[in-house]
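Trainee: I would like to go through how the helices and strands of this model pack together. Where should we start?

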Amino acid sequence: VLRHADTDKARPDQPHVVLGNCNTQRVLTPKGRTAARSIGGAIDALNIPIGQVSSSPLCRTMWTGDLAFGHADPNPGLLEPKPKNAANVAKAAAVLGPMIGAVPKSGTNSVIVTHGFNVKSITGFQPAEGEAVIFKPKGDGKFVVVGRLLSTQWVSLLK
């Protein structure tokens, strides 16, 4: 699970975000775009086979998926819910948990590009922008966290 790369916090989402209209959303910074490309390049160089790439349909997550993996399939269930309350924590976990717990196609790894709030809903911690949380799916919606990588740490794996 990858939280979208670095964003321009001086440009928050507008009160009425329009999917497909990036002018209404917080978007990636140039640093974020570079980080997403770097993550994808490291994954390619490490020969990590990527299968399904699912993403929240917001521009920052779709761009992260596209830049890192060459594609991303939008999943409205991965949107960052608002308001950030207990009901929406449960809702986010109900969508993300089964996706993480699903065993991917043999010989591949699934990628989910989403928001920090959604990851926190199932892990209890807030990942940094561009941080990957690596899960081992056990099937039947069960999983275990096996690692975390900041966007800057992928390159160190190449050494």
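Mentor: Contact here means heavy atoms within 4.5 Å. Keep in mind that the model is predicted.

Trainee: Which residues in H2 does H1 meet?
Mentor: On the H1 side, the residues in contact are Arg-33, Ala-36, Arg-37, Gly-40 and Ile-43. The residues of this contact divide into six nonpolar, two polar and two charged. The partners in H2 are Trp-63, Thr-64, Leu-67, Ala-68 and Phe-69.

Trainee: Is H1 roughly parallel or oblique to H2?
Mentor: The axes of H1 (residues 30-45) and H2 (residues 59-69) come within 7 Å and cross at roughly 40°. Angles under 35 degrees would count as roughly parallel. The crossing angle therefore makes H1, relative to H2, oblique.

Trainee: Is the crossing of H1 and H2 left-handed or right-handed?
Mentor: The angle alone, roughly 40°, does not settle that. The crossing of these two helices is right-handed.

Trainee: How many of the 11 residues of H2 are buried?
Mentor: Buried means under 20% relative accessible area. Among those that qualify in H2 are Cys-59, Arg-60, Met-62 and Phe-69, and their cover includes H1 and strands S1, S2, S3 and S4. H2 is largely enclosed by the rest of the structure because the number of its buried residues is eight.

Trainee: Which residue in S3 is the bridge partner of Ser-54?
Mentor: S2 (50-55) is one of the strands covering H2, and four bridges join S2 to S4 in parallel, with Ser-54 opposite Ile-112 in S4. Two bridges join S2 to S3, also running parallel. In S3, Ser-54 has as its bridge partner Asp-73.

How values were computed
Residues are numbered from 1 along each chain as its sequence is written. This is a predicted model: local features need pLDDT of at least 70, side-chain atom pairs count only at pLDDT 80 or more; totals for chains, interfaces and linings use all residues. Side-chain values use heavy atoms; hydrogens and water are left out. Axes are lines fitted to C-alpha atoms, for helices over the stretch in contact, and angles run from 0 to 180 degrees between N-to-C directions. Angles under 35 degrees count as roughly parallel, over 145 as roughly antiparallel, 65 to 115 as roughly perpendicular and the rest as oblique. A crossing is left-handed if the near helix is turned anticlockwise from the far one by less than a right angle, and right-handed if clockwise. Ala, Val, Leu, Ile, Met, Phe, Trp, Tyr, Cys and Pro count as nonpolar, Asp, Glu, Lys and Arg as charged, and the others, Gly among them, as polar. Buried means under 20% relative accessible area, exposed over 50%, partly exposed in between (1.4 Å probe, protein chains only). Two strands pair if DSSP finds at least two bridges between them.
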